[in-house]
Amino acid sequence: MFFFINLSQKPMHEFIMNALRPKMPPFGVAYVASTLSANGIKSVLHDDNLHEYDDRQLRDLLGSYNGEIQAVGLTSVSTTLTQIPRIARISKEILPNTPIIVGGPHARLLPEDIINCQEVDVVFTSEAELAIVDYARGKDLSQIEGVMYRKDGHVVENPVTSVIENLDELPFPDYSLFNIADYHSTKGIAKRHPNSYIINSRGCPYRCTFCSSKSLNPTREKKVRFRSPENSVAEIEMLVKKYGVKELFFSDEMFTGNEELVFGICEGIIQLNLDVIWVCQTHVNNITREKLRMMKKAGCHQICFGVESGDPGIQKAIRKNLNLQRVKETVRMTQSEGIDARASFMFGNQYETTETMQRTIDFARKLSPDFASFNIATPYPGTYFREWALENGYLVNDKYEALDSTTYTLVTPDLPPGTVEKYCNKAFRSFYYHPRYVVRRLQHIRDMGDFIRFVKSIYYAFKLIPHALRGLLRRKSTR
Ligand code: B12
Ligand code: SF4
């Protein structure tokens with residue numbers, strides 16, 4: 001049996017958006033567990049991000065599976081990396097002869113950070129659905145692609161020479177590992193519960209400077225791999241009928257990029273008459289009215305567009321290169337087809353100044369999407385933004401746990417400490433705490449469900465005021 005642990009993420013600060021954050025199961029683990037299961041090997045998951053265990057609870061839990069555990073598998077994003085030594089130490093105390101293996105986005109981006117922890121035996125440096133089965137069957141490590149391990153005191157890394165080209169060959173994620181109803185997507189987005197994520201493709205053809213998508217792609221090319229619509233629809237049907245899922249979040253990096261997939265999934269949902277609504281995120285340039293109409297018919301109620309900045313110069317600098325006029329037209333078109341438009345913005349990218357950030361705040365207000373999110377630019381490993389910050393000596397806080405989008409870890413000549421956080425909070429207040437926004441949301445109320453969501457959003461808005469104030473005070477006192 002493989003015993004997987006999803007490491008917990010602890011926000012560094014009180015931050016205005018923290019209260020809205022999603023809590024979702026680890027889908028990477030669900031994918032590797034499903035290929036193990038297809039080969040007759042059982043998996044168990046402890047989600048420490050959902051139920052955080054102290055040392056004693058973790059010891060008791062691991063001890064209770066005495067003798068059954070073949071390997072303890074940890075999954076890690078950069079922000080949870082610092083949890084690895086503690087969990088690995090406890091695991092070795094209780095199960096000294098059981099290997100500790102680690103995978104996840106950070107393991108794919110900077111595996112050497114993880115193998116440096118002496119208790120860790122093997123790091124999986126790429127998509128691991130195939131490698132994990134080789135590993136479980138006891139294949140010699142030197143013969144397994146995409147692993148990093150120690151041999152005779154040296155670190156060895158096996159390259160990845162082939163990738164899973166046909167995603168339809170993979171079994172669906174193992175949803176039996178967790179209880180979907182225990183989780184939730186970003187508060188305020190989902191209209192129904194239980195809700196879950198689904199991934200229909202891997203990769204993105206764009207190259208935004210703040211995003212690690214390119215570095216995560218095993219081919220490092222602009223190639224995107226897509227599932228067939230039939231395969232995705234079969235998973236959706238299973239989620240709805242077997243797990244009672246009522247709402248889905250298509251977490252593809254760019255859902256509307258492949259016409260065949262979008263139309264195929266929509267037709268499938270309509271033909272099977274599935275009782276499910278959904279939300280997706282995508283690129284402004286991939287939207288047409290025809291697609292929107294089909295998506296609406298198939299239950300789409302919200303689209304999130306990564307707009308990032310209201311300043312044309314910053315658009316170029318971050319290689320997003322959006323035409324702001326087209327952004328406006330796309331948001332209007334989305335709203336006119338009865339789908340809510342969410343726009344996501346960032347503060348503190350390359351060459352940002354207080355003027356460019358103010359332009360973003362003004363643009364967000366004028367754009368008038370139904371919802372907006374405001375994030376702090378974060379120099380994740382595998383991004384050009386991180387390289388730029390390092391080259392210029394702007395990175396002043398290199399702690400991985402600070403990469404939680406609530407802390408600005410750079411100081412640039414144009415942005416003294418605290419400026420980016422200030423503008424981010426200002427953007428939130430200027431957008432949401434505005435009578436015009438409240439009136440517009442009131443006009444959107446069509447049924448009892450909308451009314452309840454409106455009351456909840458007012459409740460969250462008031463709840464967020466002390467969050468914002470505490471955050472500001474704490475930042476000031478730690479400076
Ligand atoms: C959906 C998604 C979410 C969802 C669900 C996340 C989840 N729990 O799975 C939500 C919205 C909750 C989320 C939250 C966050 N996310 Co997110 N998310 C994604 C997204 C779009 C898809 C993830 C996914 O399912 N990928 C597909 C699976 C198959 O890939 P995978 O997870 O890497 O898993 C494979 C391997 O890594 C390996 N593997 C994984 N775990 C293990 C464990 C073992 C033992 C083994 C052997 C192998 C193994 O095998 C898997 C199958 O091939 C990715 C973008 C991307 N391209 O991956 C960002 C991404 C992973 N998220 C990211 C970030 C930053 C976050 C947050 C920190 C944001 C924040 N500021 O809070 C939080 C962290 C929450 C957490 N503790 O996990 C970054 C990670 C960057 C980094 N350096 O770590 C990414 C890469 C986005 C980006 N391009 O910057 N996220
Ligand atoms: S930010 Fe979005 S569009 Fe840009 S590279 Fe990343 S996933 Fe692609």
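The following questions and answers concern a predicted model.

Visitor: How are residues, chains and ligands numbered, and which pLDDT limits apply?
Guide: Residues count from 1 along each chain as its sequence is written, while chains are lettered from A and ligands numbered from 1 in the order in which they are written. In this predicted model, totals for chains, interfaces and linings use all residues, side-chain atom pairs count only at pLDDT 80 or more, and local features need pLDDT of at least 70.

Visitor: What distance separates the centres of domain 1 and domain 2?
Guide: The assignment gives domain 1 (2-157) and domain 2 (184-477), with bounds from an automatic or database domain assignment. Taken over C-alpha atoms, the separation of their centres is 28 Å.

Visitor: Where does ligand 1 lie with respect to domain 1 and domain 2?
Guide: Domain 1 and domain 2 both give residues to the shell around ligand 1, so ligand 1 lies between them.
A residue is near a molecule or strand if its C-beta atom, placed from the backbone, lies within 6 Å of it. Of the 44 residues around ligand 1, those that come nearest are Gly28, Gly73, Thr75, Gly103 and Glu127.

Visitor: Which element gives the largest share of the shell around ligand 1?
Guide: Helices (H or I, at least four residues) and strands (E, at least two) are DSSP runs, numbered from the N terminus. Elements that each supply at least two residues of this shell include β3 (71-75), β4 (100-103) and α7 (213-216). The largest share, five residues, comes from α1.

Visitor: Why are the buried residues of α6 on the same side?
Guide: In α6 (residues 129-136), Glu129, Ala131, Ile132 and Tyr135 are buried, a class that requires 20 or more other C-beta atoms within 10 Å of the residue's own, with C-beta atoms placed from the backbone (exposed is 12 or fewer, partly exposed in between). The arc is that of the directions from the helix axis to the C-beta atoms. These residues are on the same side of α6 because they cover an arc of only 165° around the axis.

Visitor: Which residue of β13 stands opposite glutamine 281?
Guide: Strands pair if DSSP finds at least two bridges between them; five bridges join β12 (residues 277-282) to β13, and the two run parallel. In β13 (residues 300-308), eight of the nine residues are buried. Opposite glutamine 281 stands cysteine 304.
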